[in-house]
Amino acid sequence: MTVGIVGAGQLGRMLALAGYPLGQDVLFLDRSADTPGARVAPTLCGEFTDRRLLRELARRSEVITFDWENVSVESLAALGRGTRIAPPLAALAASQDRLSEKRLFDRLRIPTTRYAAVDSRAALLRAIRRIGLPGVLKTRRMGYDGKGQAVLRRLDDVDAALAALHGQPAIYEEFVPFDCEVSVIGARSRRGEFAIYPLNGNEHRDGILRVTRSPFGTAALQRRAAGHLRRVLEHFDYAGVLNIEFFVRRGRLVANETAPRVHNSGHWTIEGAETSQFENHLRAILDLPLGSTAPRGHSAMVNLIGTLPPREALLSIPGVHLHDYGKTPRAGRKLGHCTVVAGSAAGRERLLRRLLKVVGD
């Protein structure tokens with residue numbers, strides 16, 4: 001039995017590695033054979049929009065999934081109803097457009113920032129008058145890891161912000177002075193079974209996730225985040241793993257964005273949960289019983305960005321698990337991650353401090 005995965009990045013690689021113990025094979029489609037996923041599973045090489053390759057992927061797979069959200073909805077939809085695709089394309093389409101995403105949150109009564117669509121300088125000025133300053137101007141599509149956005153603190157910033165986005169359709173959002181950022185990850189199977197992981201506390205720098213801790217926050221915060229996530233999963237009749245990122249402001253959750261796939265803030269689940277997010281994604285899209293999301297302790301994940309520290313230095317720390325994606329080093333590029341799991345939050349923090357010292361963060 002084979003799962004077809006559009007995209008062979010590190011997320012696809014970890015999906016493949018999670019599938020092998022279940023007796024599950026993987027076939028990738030990616031633009032290049034030099035990818036993290038191609039090191040562990042066969043790959044069809046070509047554009048994500050190549051209809052011939054997509055048909056071949058569908059013919060050789062029981063179900064098609066994807067390891068990032070910027071794949072072509074139109075190309076996947078063209079495969080027709082005879083091809084099973086999970087998560088559903090409606091969820092993929094909503095995540096690709098920040099305006100659609102915000103409207104989804106409104107429809108499902110999930111608190112989010114005030115926002116307005118922007119397609120001109122005049123529209124941006126109207127949005128600023130209504131929402132106020134400071135604010136964030138973001139491209140509606142193709143933004144990730146802090147790309148495609150500009151902060152406006154005064155009216156003099158308008159022209160520079162518009163120039164930075166190169167005339168792309170945009171959305172203007174209220175700037176949220178948050179206390180922290182969190183994310184919640186959960187899975188829903190085709191039969192309607194749910195499994196939700198403990199809340200993640202996330203630290204970003206330059207728009208890129210650096211550190212995640214889990215479990216994080218209060219029981220009340222976990223319940224509210226899980227409730228919001230469950231409404232999105234039910235709305236789409238979802239199959240697979242879904243993530244929602246929130247700002248936390250004075251104990252209140254403010255939804256920022258969704259990702260209809262396995263997520264960087266859930267990498268800790270490989271060592272730190274009874275069942276990883278990657279295994280549960282496969283279980284969910286294949287309609288197998290979902291695994292327990294119970295934590296095995298207090299976990300932390302550190303992204304290795306730009307350069308990899310010496311392997312010996314990382315592995316000399318007791319309890320550190322290294323995941324090297326096999327990528328060529330480049331500034332701002334996620335090359336791997338490390339996780340630690342401890343019996344207490346204090347023990348986790350001690351290990352995390354040692355790890356961050358080696359990473360140089």
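**Exercise 1. Two cis peptide bonds**

Where does Pro215 lie? Find it in this predicted model, then work out what kind of peptide bond precedes Pro215, and look for another bond of that kind at Pro134.

*Solution.* Start with the location: Pro215 sits in the loop that connects β12 (208–214) and α8 (219–235). Next, turn to the bond from Ser214 to Pro215, which is cis, with omega near -5 degrees. Now move to Pro134, placed in the loop between α6 and β6. Leu133 and Pro134 are likewise linked by a cis peptide bond, where omega is about -5 degrees.

**Exercise 2. Reading the faces of helix α6**

Take helix α6 (residues 121–131) and decide which residues are buried, which are exposed on the other side, and what the buried ones pack against.

*Solution.* Begin with the buried set in α6: Ala123, Leu124, Ala127, Ile128 and Ile131. Looking down the axis of α6, you will find these buried residues within an arc of 140 degrees, so they line one face of the helix. Then turn to the other side of α6, where Arg129 and Arg130 are exposed.

For the partners, follow the buried residues of α6 outwards: they pack against the strands β5 (115–118), β6 (135–139), β7 (149–152) and β8 (170–174), and against helix α7 (158–164). Finally, step just past the end of α6, where Gly132 has a positive phi of about 100 degrees.

**Exercise 3. A residue of α7 and its surroundings**

Is Val158 buried or exposed, and which residues does Val158 touch beyond four places in sequence?

*Solution.* First, place Val158: it belongs to helix α7. Its relative accessibility is 1%, so Val158 counts as buried. Setting aside residues up to four places away in sequence, Val158 touches Arg121, Leu124, Leu125, Ile128 and Leu152. Two of these, Leu124 and Ile128, are among the buried residues of α6. As a last step, check the distance to Leu137: the two C-alpha atoms are 9.2 Å apart in space, with 21 residues of separation in sequence.

**Exercise 4. How α1 and α10 cross**

At roughly what angle do the axes of helix α1 (residues 10–19) and helix α10 (residues 277–285) cross, and which residues meet there?

*Solution.* The two axes come within 8 Å and cross at roughly 75 degrees. Angles of 65 to 115 degrees count as roughly perpendicular, so α1 is roughly perpendicular to α10.

Now list the residues that meet. From α1 come Leu11, Met14, Leu15, Ala18 and Gly19, and from α10 come Phe278, Glu279, His281 and Leu282. Sorted by character, the residues of this contact comprise six nonpolar, two polar and one charged.

Stay in α10 for one more step and look at Gln277. With a relative accessibility of 0%, Gln277 counts as buried. Beyond its neighbours within four places in sequence, Gln277 is in contact with Ile185, Tyr197, Val241, Val262, His263, Gly266, His267 and Thr269.

**Exercise 5. Positive phi outside glycine**

What are the phi values of Arg109 and Arg250, and in which loops do Arg109 and Arg250 lie?

*Solution.* Take Arg109 to begin with. Its phi is near 60 degrees, which is positive in a residue other than glycine. Arg109 is found in the loop between α5 (98–107) and β5, and is exposed, at a relative accessible area of 65%.

Then repeat the steps for Arg250. Here phi is near 55 degrees, again a positive value in a residue other than glycine. The loop in question runs between β13 (240–249) and β14 (252–259), and Arg250 is exposed, its relative accessible area being 70%.

**Exercise 6. Cysteines and a strand residue**

How many disulfides does the structure hold? Classify Cys180 and Cys338 by accessibility, then do the same for Phe28.

*Solution.* The count of disulfides is zero. Cys180 has 21% relative accessibility and so counts as partly exposed; the cut-off for buried is under 20%. Cys338, at 0%, counts as buried.

To finish, go to strand β2 (residues 25–30), which contains Phe28. Phe28 has 0% relative accessibility and is therefore buried. Its C-alpha atom is separated by 4.8 Å from that of Ile5, although the two residues are 23 apart along the chain.

Technical notes:
Residues are numbered from 1 along each chain as its sequence is written. This is a predicted model: local features need pLDDT of at least 70, side-chain atom pairs count only at pLDDT 80 or more; totals for chains, interfaces and linings use all residues. Side-chain values use heavy atoms; hydrogens and water are left out. Axes are lines fitted to C-alpha atoms, for helices over the stretch in contact, and angles run from 0 to 180 degrees between N-to-C directions. Helices (H or I, at least four residues) and strands (E, at least two) are DSSP runs, numbered from the N terminus. Angles under 35 degrees count as roughly parallel, over 145 as roughly antiparallel, 65 to 115 as roughly perpendicular and the rest as oblique. Contact means heavy atoms within 4.5 Å. Ala, Val, Leu, Ile, Met, Phe, Trp, Tyr, Cys and Pro count as nonpolar, Asp, Glu, Lys and Arg as charged, and the others, Gly among them, as polar. Buried means under 20% relative accessible area, exposed over 50%, partly exposed in between (1.4 Å probe, protein chains only). The arc is that of the directions from the helix axis to the C-beta atoms. A disulfide is a pair of cysteine sulfur atoms within 2.5 Å.
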